[in-house]
Amino acid sequence: MFRILSRHTLRALAATAFLAGAAGAQAQQPAASASDWPRQPITLIMGFPAGSGVDVVARQIQEPLARKLGQPVIIDYKAGAAGNIASEYVARARPDGYTLVFGTAATHGSNAALYKSLPFDVEKDFVAVAPVLDVSNVLTINPKVIDASTLEEFVKIVRANPGKYNFASTGNGAGTHMAFAELNSRLGLDMVHVPYKGGPEAIMSVVRGETCCIMNQVQTVLPQYKAGTVRLLGVTTAKPVAAIKDVPTIASSGIPGTENFDSSIWFGIFAPKGTDDAIVQKINTAVREALAQPEIRERYESQGNTIRVETSAEFAKTVHADRLKWAKVAKDANIHID
């Protein structure tokens, strides 16, 4: 049976079809040209909560980057799933340079090994625009729980007590977890992993003695270190960290298995695939110029971070190498997230 539609219904259907067609046409529009970019504010998607270590780093470059680009840079929070929600959002965004994501060695490195079915590819669906800095983790202990003054003493105590000591992390599969997992795997340490919801909860678990230790960002543990409530045994970077010069590197400990140990993580900016190369270059240049400012560099280094300067192509190689590295760590430590 055929039904006669009213003129009101026909108009509604026509309008719906028009909007659907317009949306489809918009989705098929080519990537924006760099000739007049940027003409509007740039949105930097943040996959972690406000106040987190990643957010602190992004906020410190937000205004300097905006001044270099001549447009406001707005941070939009889409936290959750270890940064995967934000990454997926940007992977599906228009490649016009106005929607970027502040990624990490976890979101665009280890997550690919930990999650069985990500709805995007951390390399193929993004353009690695520019790194910002390297963040060193540092082995942080509560000396009242495990009384060690050096990494060698720490290893001896843990080896003598398999399964006794708990180490904290900022979440299952987080950079803090992966760094400790790499250390345990290399040295054959038997410890219990206790994941927390974030940096503040994790470091406080060490302070309270719920866990013995954590491999956390230098900038996160500095307040507790200065207050004398924790002890730092070794940084995960290949070179010492300026903010804690007296703390040796794990690689320099001389313990078999720690040779060339470098478990630092990087933070950087990514764009959707298909973004105009000239726009990518503009952003990369703006990031470089912002990081070259003495006050910005000094602020980052005082927090235990190291500026990383690379071209987009060089950054892409860094991302690829780290993806392979963390895949091996995850496999060796049998870490996965369903």
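Reader: What order do the five strands of the open sheet take?
Author: The order is S7-S6-S8-S5-S9. The pairing is mixed. Keep in mind that this is a predicted model.

Reader: Which strands sit at the edges?
Author: Strand S7, residues 192-195, and strand S9, residues 231-235. Each of these pairs on one side only.

Reader: How much are neighbouring strands turned against each other?
Author: By 30° on average, with direction ignored.

Reader: Take S5 and S8. Parallel or antiparallel?
Author: Antiparallel. Five bridges join S5, residues 137-141, to S8, residues 213-217.

Reader: Which residue in S8 is the bridge partner of Ile-141?
Author: Cys-213.

Reader: A cysteine. How many disulfides does the structure hold?
Author: One. The disulfide joins Cys-212 to Cys-213, with an S to S distance of 2.4 Å. Cys-213 therefore has two roles here: a disulfide with Cys-212, and a bridge to Ile-141 across the strands.

Reader: Is Cys-212 buried or exposed?
Author: Buried, because its relative accessible area is 1%, and the cut-off for buried is under 20%. Cys-213 also counts as buried, at 0% relative accessibility.

Reader: Back to the sheet. How do S6 and S7 pair?
Author: In the parallel sense, over four bridges. One pair is Asn-166 with Val-192, the latter in S7.

Reader: What does the chain pass through from S6 to S7?
Author: Helix H6. This β-α-β crossover is right-handed.

Reader: Which strands does H6 lie across?
Author: S5, S6, S7 and S8. H6 covers residues 175-187, and S6 covers 166-169. The helix runs at about 125° to S8.

Reader: How far does H6 reach, end to end?
Author: H6 reaches 18 Å from its first C-alpha to its last, over 13 residues. That is close to the 18 Å expected at 1.5 Å a residue.

Reader: How many H6 residues are buried?
Author: 11 of its 13, so the helix is mostly covered.

Reader: Which ones are they?
Author: Near the start of the numbering, Gly-175, Thr-176, His-177 and Met-178 are among them. The buried set also includes Ala-179, Phe-180, Ala-181, Glu-182, Leu-183, Asn-184 and Leu-187.

Reader: What follows H6?
Author: Gly-188, with a positive phi near 70°.

Reader: Which residue other than glycine has a positive phi near 55°?
Author: Ala-82. Ala-82 lies in the loop between strand S2, residues 73-77, and helix H3, residues 84-91.

Reader: How accessible is Ala-82?
Author: Ala-82 is partly exposed, with a relative accessible area of 33%.

Reader: And Asn-334, what is its phi?
Author: About 55°, positive although Asn-334 is not a glycine. Asn-334 is found in the segment after helix H11, residues 312-333.

Reader: Is Asn-334 buried or exposed?
Author: Exposed, because its relative accessibility is 62%, and the cut-off for exposed is over 50%.

Reader: New topic. Which residues does the cis peptide bond join?
Author: Trp-37 and Pro-38, with omega about 0°.

Reader: Where is Pro-38 found?
Author: In the loop between helix H1, residues 7-27, and strand S1, residues 42-46.

Conventions. Residues are numbered from 1 along each chain as its sequence is written. This is a predicted model: local features need pLDDT of at least 70, side-chain atom pairs count only at pLDDT 80 or more; totals for chains, interfaces and linings use all residues. Side-chain values use heavy atoms; hydrogens and water are left out. Two strands pair if DSSP finds at least two bridges between them. Helices (H or I, at least four residues) and strands (E, at least two) are DSSP runs, numbered from the N terminus. Axes are lines fitted to C-alpha atoms, for helices over the stretch in contact, and angles run from 0 to 180 degrees between N-to-C directions. Contact means heavy atoms within 4.5 Å. A crossover is right-handed if, with the strands pointing away from the viewer, the path from the first strand over the helix to the second runs clockwise. Buried means under 20% relative accessible area, exposed over 50%, partly exposed in between (1.4 Å probe, protein chains only). The expected span of a helix is 1.5 Å times one less than its number of residues. A disulfide is a pair of cysteine sulfur atoms within 2.5 Å.
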